[in-house]
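Here is a short set of exercises to work through with the structure open beside you. Try each task by yourself, then follow the solution step by step.

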Amino acid sequence: MKMDTTVADLLHLVGWKAVSSVEYPEKRTIEIHLERDENFPCLCHRCGDRLRAKRGIYRSKVRHLPIFGFEVWLIFWRQKRHCPICNKARSEQVPFLADESPHLTTEYVFWAAKIMEISTPTRVAELVNLDEVTAWRIEYRHLKKLKRDYKIPQPKRIAVDEVYARKKNLYRGESRKEKFFTIIVDIDRKKVLWVSEGRKKEALDEFFKIIGPSGCAEIKSVATDEFDEFRQSIEEYCPKAKHVYDKFHFLRNFGDAVNDARNFLFKTAVPGTVARRKSAPKYKYNFIKRAENRTEEESQDLKDVMESNKMFCTLELIKERVLTMFDVGISVEEAKRIFNEVGKWIFEAGFPSLKKWYRRTSRIWSKIENYFTERVTSAISEGINNVIKSLKRRAYGYKDMEYFKLKIMQVAGYLKSRFFPNGKFDLLDGSKLIPISEG
Ligand SMILES: [Zn+2]
């Protein structure tokens with residue numbers, strides 16, 4: 001077969017035609033010279049109106065997609081003419097130029113942005129020989145574009161968690177809760193759906209407002225920690241959803257109470273005794289651990305302490321009993337029975353920290369109980385958490401909160417070009433998609 005296609009023939013640019021191409025093997029560069037199609041109207045690049053009298057012409061050199069490992073540059077003359085609307089000389093509109101830079105084509109920018117989805121702008125800049133600032137700008141604008149077209153896939157079960165986003169104040173006297181992101185995760189799809197600023201009622205309200213009453217009505221369960229403002233938001237917007245208090249937060253609170261009880265016994269133990277020595281703070285994890293997870297040495301340590309002071313037996317018994325609530329297959333009724341039973345033991349033993357924990361937990365029991373029917377947790381997966389941590393390690397995360405938010409929604413959610421086939425957001429599985437109208 002005879003190859004008679006030139007590189008120039010491969011270009012299909014609206015309003016422009018390629019007239020020649022020159023190859024520079026030593027620079028691994030191809031230059032393609034373009035001419036504008038005279039039938040194509042000459043429009044103002046700012047306002048789009050038809051330009052009038054010529055004011056000059058200048059040479060443009062624009063980067064296009066590489067081919068065969070060669071950098072490709074498009075070279076053409078760009079006109080400057082008088083625009084009656086702007087009432088000044090304006091450059092003509094060139095449809096294939098990127099918004100991000102007049103030295104790059106839209107296709108080039110899209111291609112570079114796609115590589116940035118799996119790498120960092122800095123690395124991509126290195127790979128394709130682009131300056132770093134432009135690379136960052138490309139990524140940011142790409143993300144903003146995707147977010148404009150993004151729709152929220154209707155969730156059935158959501159988890160609400162928060163991450164600490166920054167240390168620095170954005171304004172004087174800013175409260176700590178402004179420094180968090182509230183992250184809304186679709187439990188079934190395992191994807192971040194939305195990120196809002198702050199740890200407050202309004203942050204969760206924002207999500208519920210976006211999906212609207214019909215979207216809220218389809219939510220069956222919401223898992224959160226015990227933060228009261230989240231409860232208020234859920235009661236207002238999703239009163240029919242089952243609100244589940246998170247098991248990991250529950251366990252952490254319980255672990256803290258057990259640790260305080262251990263410390264109480266440690267402080268009241270006679271100095272020099274085994275009970276005193278082996279209940280010191282450095283052993284604290286041994287008292288929170290499940291018996292079956294202890295090493296032989298740890299088991300021996302605990303046995304020694306329990307022999308030395310019987311109160312440690314009671315503490316161990318209470319702790320083991322509470323943890324069995326989260327064994328596989330425990331029903332709501334069984335969990336409730338265990339909780340009641342443990343209550344009796346705690347009040348008989350009289351550990352102040354555990355009594356306090358028990359009273360508090362009793363008050364919110366109905367939402368903890370929901371765990372045993374819904375079996376969901378608010379803790380964002382380790383994967384998502386690691387992503388956020390690694391993003392935070394880069395200094396820019398603190399500087400531009402909007403960028404940080406978009407990055408979370410990209411890496412752990414749907415702001416990736418593969419979810420935008422043909423430029424429109426679509427999961428291609430018939431999911432109901434809720435458009436976002438902001439501002
Ligand atoms: Zn104009």
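**Exercise 1. A valine and its neighbours**

Which residues does Val192 touch, not counting residues up to four places away in sequence?

*Solution.* Keep in mind that you are looking at a predicted model.
- Step 1: Select Val192 and collect its contacts: Ile183, Val185, Ile384, Ile408, Met409, Ala412 and Gly413.
- Step 2: Now widen the view to the largest nonpolar core, which has 73 residues; Val185, Val192 and Val222 are the ones that touch the most other members.
- Step 3: Ask where the core draws its residues from. Helix α6 (residues 247–268) supplies the largest share, with 7 residues.
- Step 4: Place the core among the domains. Because domain 2 (152–246 + 379–435) and domain 3 (247–374) both contribute residues, the core lies between them.
- Step 5: Look for another core apart from this one. You should find a core of 20 residues, including Leu97, Leu104, Ala113 and Ile138.

A general point fits here: in soluble globular proteins, nonpolar side chains tend to be buried together.

**Exercise 2. The two sides of α5**

Find out which residues of helix α5 (residues 228–237) are buried, and how they are arranged around the axis.

*Solution.*
- Step 1: The buried residues of α5 are Phe230, Ser233, Ile234 and Tyr237.
- Step 2: Look down the axis of α5: these buried residues fall within an arc of 95°, so they line one face of the helix.
- Step 3: Recall the helix geometry behind such patterns. An α-helix has 3.6 residues a turn, so residues three or four places apart point the same way.
- Step 4: Turn to the face of α5 directed away from the buried side, where you meet the exposed residues Asp228 and Glu235.
- Step 5: Identify the packing partners. The buried residues of α5 pack against β7 (157–164), α4 (201–217), β10 (221–224) and β11 (242–245).

**Exercise 3. The same analysis for α1**

Now repeat the approach on helix α1 (residues 106–116): which residues are buried, and what do they pack against?

*Solution.*
- Step 1: Tyr108, Val109, Ala112, Ala113 and Met116 are the buried residues of α1.
- Step 2: Around the axis they cover an arc of only 130°, which puts them on the same side of α1.
- Step 3: The elements that the buried residues of α1 pack against are β3 (54–67), α2 (121–128) and α3 (132–149).

**Exercise 4. A pair of helices**

Describe how α6 and helix α10 (residues 311–324) lie relative to each other.

*Solution.*
- Step 1: Choose the quantities. Two packed helices are described by the angle between their axes and the distance between the axes.
- Step 2: The axes of α6 and α10 come within 11 Å, and they cross at roughly 175°.
- Step 3: Apply the cut-off: angles over 145 degrees count as roughly antiparallel. α6 and α10 are therefore roughly antiparallel to each other.
- Step 4: List the residues that meet. From α6 these are Phe254, Val258, Ala261, Arg262 and Leu265, and from α10 they are Met311, Phe312, Leu315, Lys319 and Val322.

**Exercise 5. Positive phi outside glycine**

Asn87 and Lys190 both deserve a look at their backbone. What is the phi of Asn87, and what is the phi of Lys190?

*Solution.*
- Step 1: Asn87 is not a glycine, yet its phi is positive, about 55°.
- Step 2: Asn87 sits in the loop between β4 (70–83) and β5 (88–91).
- Step 3: Count its neighbours: with 8 other C-beta atoms within 10 Å, Asn87 is exposed.
- Step 4: For Lys190, also a residue other than glycine, phi is positive and near 55°.
- Step 5: Lys190 belongs to the loop between β8 (180–186) and β9 (191–197). It has 13 other C-beta atoms within 10 Å and is partly exposed.

**Exercise 6. Across the chain**

How many Å separate the centres of domain 1 and domain 3, and which residues does Glu374 touch, not counting residues up to four places away in sequence?

*Solution.*
- Step 1: Note the division of the chain into domain 1 (1–97), domain 2 (152–246 + 379–435) and domain 3 (247–374).
- Step 2: Taken over C-alpha atoms, the centres of domain 1 and domain 3 are 73 Å apart.
- Step 3: Locate Glu374 in helix α13 (residues 365–374). With 18 other C-beta atoms within 10 Å, Glu374 is partly exposed.
- Step 4: The contacts of Glu374 are Ser221, Lys242 and Val244.

Technical notes: Residues are numbered from 1 along each chain as its sequence is written. This is a predicted model: local features need pLDDT of at least 70, side-chain atom pairs count only at pLDDT 80 or more; totals for chains, interfaces and linings use all residues. A residue is buried if 20 or more other C-beta atoms lie within 10 Å of its own, exposed if 12 or fewer, and partly exposed in between; C-beta atoms are placed from the backbone. Helices (H or I, at least four residues) and strands (E, at least two) are DSSP runs, numbered from the N terminus. The arc is that of the directions from the helix axis to the C-beta atoms. Two residues are in contact if their C-beta atoms, placed from the backbone, lie within 7 Å. A nonpolar core is a set of buried Ala, Val, Leu, Ile, Met, Phe, Trp, Tyr and Cys residues joined through C-beta atoms within 7 Å. Domain bounds come from an automatic or database domain assignment. Axes are lines fitted to C-alpha atoms, for helices over the stretch in contact, and angles run from 0 to 180 degrees between N-to-C directions. Angles under 35 degrees count as roughly parallel, over 145 as roughly antiparallel, 65 to 115 as roughly perpendicular and the rest as oblique.
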